[in-house]
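This report covers strand pairing, helix packing and nonpolar cores.

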Amino acid sequence: QPNSEWWPEDVGELREALRDLDVPRVLVGDGQHLRTPTISARRFDVIRTEKCRRVISVDRESKLVRVEAGIRWADLQAELAERGLSMERYRLYPATATLGGILGRFSSLHRELWDGDVRTGCVALSAATAESDYRYLAAPRRAAGPDLRWLFMGGEGAYGAILDATLVAWASAPARLLTWHTERFGQASAIVRDAWDLGLRPSWTTWTSRKTGDELLMAFHGPERLMDVGINALRERHDVPCEIEADEAVSLKRTELETSHPDRRSLASSIRTVHAVFSTRDLETAIDTLPPSVESVSIWNWTRHHAHAYVRYAKGKTLSELPAKLATRAIDVRPIVDDEAVHWPHSAQNLKQLLDPKQALAIGP
């Protein structure tokens with residue numbers, strides 16, 4: 001439990017809060033992705049960033065938007081929709097997660113082209129440590145200085161606070177939502193693979209196993225005629241029932257999915273849910289080896305090379321029942337409520353001593 005909580009009204013107050021407190025502090029947005037074992041101090045204060053949610057600037061010509069890092073993901077999309085822009089081609093994230101939390105979250109995966117990761121679309125960033133400020137400019141590149149963005153993106157707040165970020169946005173484009181009713185996971189896997197082979201790039205893809213049947217959702221954005229030609233070719237390859245919806249239906253489904261996103265610690269079922277990342281080569285085998293104790297499984301953020309599986313166990317079952325065959329095929333496996341010990345590499349320890357020598361931030365080695 002924190003000693004006390006601080007609620008800065010803007011990034012100026014957030015910067016001051018980093019430097020004026022007498023005890024170590026933890027940066028918290030919505031708190032959905034906070035790994036509590038990363039907190040190294042017994043006594044600490046919490047700095048809540050949710051009031052730092054201002055849209056600083058919008059460049060409609062370059063399609064760049066600069067916002068404070070405390071803005072929630074759903075609110076950011078709503079703000080941009082009023083300005084004729086969208087985040088529609090990024091992957092699905094929990095609606096209540098803050099931008100700073102999404103950017104700062106730990107990830108064991110490498111970057112991938114067309115993976116929809118919002119961190120890939122972050123072209124500029126301002127941050128503050130307990131000692132100094134850092135800013136990487138969107139342009140011109142020669143005046144941007146050293147690119148240290150990835151010390152803060154994925155750093156979980158160990159080295160400093162992300163104050164604001166500049167993201168690539170898009171003008172709203174024609175959209176299609178394909179809902180496939182599959183009988184087995186192998187059908188869904190083949191459909192997704194063929195979509196990429198045909199040159200179709202899904203903006204986001206989910207698959208859910210339900211008692212009423214399995215359902216694969218694929219959203220596409222782009223030039224209407226080109227998109228429809230590719231979709232027709234995809235449907236001709238697969239004799240699977242498919243429904244097609246357009247435009248507003250895609251936005252509504254995205255809102256529905258992000259509101260019910262399984263990657264949230266606040267869910268009652270999170271204590272019995274495991275988040276596992278698999279290569280697409282191993283995904284079908286992994287799904288087929290799930291034990292009977294699994295209540296449901298869903299696949300999110302499905303790219304050409306990997307996918308994220310959320311495996312929820314039935315009540316009364318323990319997470320230790322994850323089969324060894326399944327665990328060894330995973331790129332990463334961790335429970336949503338992750339209380340496992342964190343082992344910091346020497347590079348992280350050296351960076352901590354360099355950027356936070358007084359241990360003002362409670363996250364880290």
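## Strands 12 and 13

Strand 12 (residues 204–210) and strand 13 (residues 213–221) run antiparallel and are joined by seven bridges. Within this pair, Trp204 stands opposite Ala219 of strand 13. The model is a predicted one.

## The sheet

Both strands belong to an open sheet of eight strands with antiparallel pairing, in the order 14-11-13-12-16-17-15-18. Its edges are strand 14 (242–246) and strand 18 (330–335), each of which pairs on one side only. From one strand to the next, the twist averages 15°.

## Helices on the sheet

Two helices are described here. Helix 5 (residues 185–197) packs on the sheet and touches strand 11 (175–182), strand 12, strand 13 and strand 16 (294–300). The direction of helix 5 makes about 10° with that of strand 13.

Helix 6 (residues 224–237) also packs on the sheet, where it touches strand 11, strand 13 and strand 14. For helix 6, the angle of about 10° is with the direction of strand 11.

## Nonpolar cores

The largest nonpolar core has 41 residues. Met87, Val118 and Leu167 are the residues with the most contacts inside it. Another core, of 35 residues, lies apart from the largest one; its members include Trp207, Leu234, Val274 and Ala307.

Leaving out residues up to four places away in sequence, Met87 touches Val65, Trp73, Leu76, Gln77, Leu80, Leu167, Val168, Ala169, Trp170 and Arg254.

Methods. Residues numbered from 1 in each chain as written. Predicted model: local features only at pLDDT ≥ 70, side-chain atom pairs only at ≥ 80, totals over all residues. Heavy atoms only, no water. Core = buried A, V, L, I, M, F, W, Y, C linked by side-chain atoms within 4.5 Å. Buried < 20%, exposed > 50% of the residue type's maximum accessible area, 1.4 Å probe, protein only. Contact = heavy atoms within 4.5 Å. Pairing = 2+ DSSP bridges. Helix = DSSP H or I, 4+ residues; strand = E, 2+ residues; numbered from the N terminus. Axes fitted to C-alpha atoms, helices over the stretch in contact; angles between N-to-C directions.
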